[in-house]
Amino acid sequence: MNGLTDPVTDGSDHSASALAGLASELYAAEPSAKIRLSQRYRPYICPFDQVIAQVPESARVLDVGCGSGLFLLLLAKLGRIEAGHGFDVSAPAISAARNAAARQALTATLSFEERPVEAGIPEVHHSVVTVLDVIHHIPPPHQQAFVAALCAATPAGGRLIIKDMVHRPIWRATANRLHDLVMARQWVHHLQPGIVADWCLQNGMRLVHQTSANTLWYGHWMLVLDRQ
Ligand SMILES: C[S@@+](CC[C@H](N)C(=O)[O-])C[C@H]1O[C@@H](n2cnc3c(N)ncnc32)[C@H](O)[C@@H]1O
């Protein structure tokens, strides 16, 4: 960790196995086996603990490309957020997110919307924008404009958290490429965190935390940026 801010610690267990246990409960009644299993095991792939630690207490979170809503559902179950709104282009993923929120009686706290990022980033009175493993799905000619839109969507005094996959070492990037070829049937385009950080700085953001982590054969980086 290369922390410039202190991670929030609320005493809950944020280990991969604890979060996987929560994820298993959240999606136990999900009819799609692909979604049920991918969400259950996702905490072993994605270092959610490090991202959760950077979300300020009682934040109102907008999760861009939220998939089946796992990150927001975890935050809500851990009592870490006041509200969350997630959007994603995938209709089955949004349906699974809505159903999981309903089963957990979290519909007053969480909402989910089927929407592509190309339709713009919605204003939902959020204080934090999170973007987990989405940038590498955006075609390279649009990645810089997407990052600029994320910055513009972060309100004054708010925070932008971007977590994505490494482009080096090549074997870790290849492992993720193969994962996305199988799971998303897509050839993805990883970006260096330094390039993304530069784009954010050009758009008025201040870098407060940068970290990298490995899980299994996957490599991750995370940028935490605040707007004054
Ligand atoms: C690797 S998944 C990450 C999901 C979630 N953020 C997480 O960490 O569990 C990438 C997500 O980005 C979404 N996505 C890709 N392109 C998108 C677009 N143009 N607009 C909205 N969502 C998109 C996909 O549908 C998918 O759910």
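## The ligand's pocket

Let's start with the ligand, which occupies the space of the largest pocket. A pocket here is an open set of points on a 1 Å grid over the protein atoms alone, where a 1.4 Å probe fits and protein lies on both sides within 12 Å along at least five of seven lines. A molecule sits in a pocket if more than half of its atoms lie within 2 Å of the grid points.

This is a predicted model, in which local features need pLDDT of at least 70 and side-chain atom pairs count only at pLDDT 80 or more, while totals for chains, interfaces and linings use all residues. Residues are numbered from 1 along each chain as its sequence is written, and side-chain values use heavy atoms, leaving out hydrogens and water.

## Neighbours and contacts

Around the ligand there are 15 residues, with Arg42, Gly65, Asp88, Val117 and Leu132 the closest; to be near, a residue must have a heavy atom within 4 Å. Sorted by class, this shell holds 6 nonpolar, 4 polar and 5 charged residues. Asp, Glu, Lys and Arg count as charged, and Gly is among the polar ones.

Ligand nitrogen also meets polar backbone atoms (polar contacts are N or O pairs within 3.5 Å). The distance is 2.7 Å for Gly65, 2.9 Å for Leu132 and 3.3 Å for Val89. On its own the ligand exposes 590 Å², of which the protein buries 84%, using Shrake-Rupley areas with a 1.4 Å probe.

## The overall fold

The protein chain contains 8 helices and 8 strands, taken as DSSP runs (H or I, at least four residues, for helices; E, at least two, for strands). Its radius of gyration is 16 Å, close to the 17 Å from the globule rule for 228 residues, so the chain is as compact as a globular protein of that length. That radius is taken over C-alpha atoms, and the rule is 2.2 Å times the number of residues to the power 0.38. The C-alpha trace spans about 45 × 40 × 35 Å along its principal axes.

## Two backbone details

Most residues other than glycine have a negative phi, and most peptide bonds are trans. Ser58, not a glycine, has a positive phi of about 60°; Ser58 lies in the loop between α3 (48–52) and β2 (59–64).

Arg168 and Pro169 are joined by a cis peptide bond with omega of about -5°. Pro169 belongs to the loop between β6 (159–165) and α7 (170–183).

Methods
A polar contact is a pair of N or O atoms within 3.5 Å; within protein, one must be able to donate a hydrogen and the other to accept it, and residues adjacent in sequence count only if both atoms are side-chain atoms. On a 1 Å grid over the protein atoms alone, a cavity is a set of points where a 1.4 Å probe fits but cannot get out, and a pocket is an open set with protein on both sides within 12 Å along at least five of seven lines; lining residues have an atom within 4 Å of a point.
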